[in-house]
Amino acid sequence: MIPKLDICFTPALFPFYFDENRETIAIVVDVFRASTTICYAFSSGVKSIRPVASIEDAIEAKNQGFLVGAERNTEKCSFADFGNSPFDYSPEKVHGKEIVFTTTNGTKTIEAVSTASRVLIGAFSNISSIADYCLSKDCDVIVCCAGWNNRINLEDSLFAAAFCEILLSKRQYNANSDALLIALKIWNEAKCDLRAYLEASEHVQRLLRLGLDKDINFSLMRDTTKIIPIYRKSTGKLEL
């Protein structure tokens, strides 16, 4: 049976894409910035990351003595050790550490897709590595975009298209999907100058208002790591 390849534009739509009777890899992507930050934290030597959806869970973890990364609406939470910038997670701060992590959209998306057979974290920084991983498995692949508060966003949709373009160039998939068709059409317009194409997007404008231009540029760099963070249901943690 030919595996399916599809794009889910927001986590709220995931139940309509997921078939519990089929083995499925779900790729969670939150380009600006949770999935990029997670990949960078692991590249910096973090031992594990426990994603939690709520601020309350993050505060409880902080009170229990855990290091906590927490962000809401693009800004670091006041109680947290780290925010949602990859540059917060330098090796000297996180090497060998366990971190509890919550963000506006990314960690909620991990929770939303946790019923999939495997859940991987994808970003432009590890796009080729996760593509190779998926190509080595004979199962369905759904790219689930974190979006923004259950609404579609441009950067995650473009990543999803770029990722699917790699898979489709190397293997046959059942890719009869309007979502995939739409994303690929936009990607063909954007890929010559991705940063310029995203300049007017909502999330880029949010980050620019906070002076986070460096985060934008870093998040759009391809293949800076071979790290593949995987969500382990048995532990509730992201590990390698």
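Which residues line the largest cavity? In this predicted model, select D30, F32, R33, A34, E71, T74, N84, T103, T104, N105 and H203, and the residues now highlighted are those that line the largest cavity. The space they enclose has a volume of about 50 Å³, and when the lining is sorted by class, two residues are nonpolar, six are polar and three are charged. With this cavity included, the count comes to two cavities of 30 Å³ or more, and the other one is the next stop.

For the second largest cavity, clear the selection and pick S48, I49, R50, F66, E98, I99, V100 and K237, which together form its lining. About 30 Å³ of space lies inside this second largest cavity. Showing the strands as ribbons is helpful here, since β3 (48-51) and β6 (98-102) each supply at least two residues of the lining. The lining of the second largest cavity divides into four nonpolar residues, one polar residue and three charged residues.

Turn next from the cavities to the largest pocket, which has a volume of about 190 Å³. Its lining is made up of 14 residues, and a good way to centre the view is to select K4, D6, Y17, D140 and I142, the ones that lie nearest the centre of the pocket. If the elements are then coloured separately, β1 (5-8), α1 (14-17) and β8 (140-145) can each be seen to supply at least two residues of this lining, with β8 giving the largest share, three residues. By class, the lining of the largest pocket comprises six nonpolar, four polar and four charged residues.

The last stop is a pair of helices. Two packed helices are described by the angle between their axes and the distance between the axes. Select residues 154-170 for helix α7 and residues 178-190 for helix α8, whose axes come within 8 Å and cross at roughly 95°. Angles of 65 to 115 degrees count as roughly perpendicular, and α7 and α8 are therefore roughly perpendicular to each other.

To inspect the contact itself, show side chains for L154, S157, L158, A161, A162, C164, E165 and L168 on the α7 side, and for L180, A183, L184, I186, W187, N188 and A190 on the α8 side, where the two helices meet. Colouring these residues by class gives twelve nonpolar, two polar and one charged in the contact of α7 with α8.

Terms used
Residues numbered from 1 in each chain as written. Predicted model: local features only at pLDDT ≥ 70, side-chain atom pairs only at ≥ 80, totals over all residues. Heavy atoms only, no water. 1 Å grid on protein atoms, 1.4 Å probe; cavity = no way out; pocket = protein on both sides within 12 Å on 5 of 7 lines; lining within 4 Å. Points joined across faces, edges and corners; volume = space filled by probe spheres on them. Nonpolar A, V, L, I, M, F, W, Y, C, P; charged D, E, K, R; others polar. Helix = DSSP H or I, 4+ residues; strand = E, 2+ residues; numbered from the N terminus. Axes fitted to C-alpha atoms, helices over the stretch in contact; angles between N-to-C directions. Parallel < 35°, antiparallel > 145°, perpendicular 65-115°, else oblique. Contact = heavy atoms within 4.5 Å.
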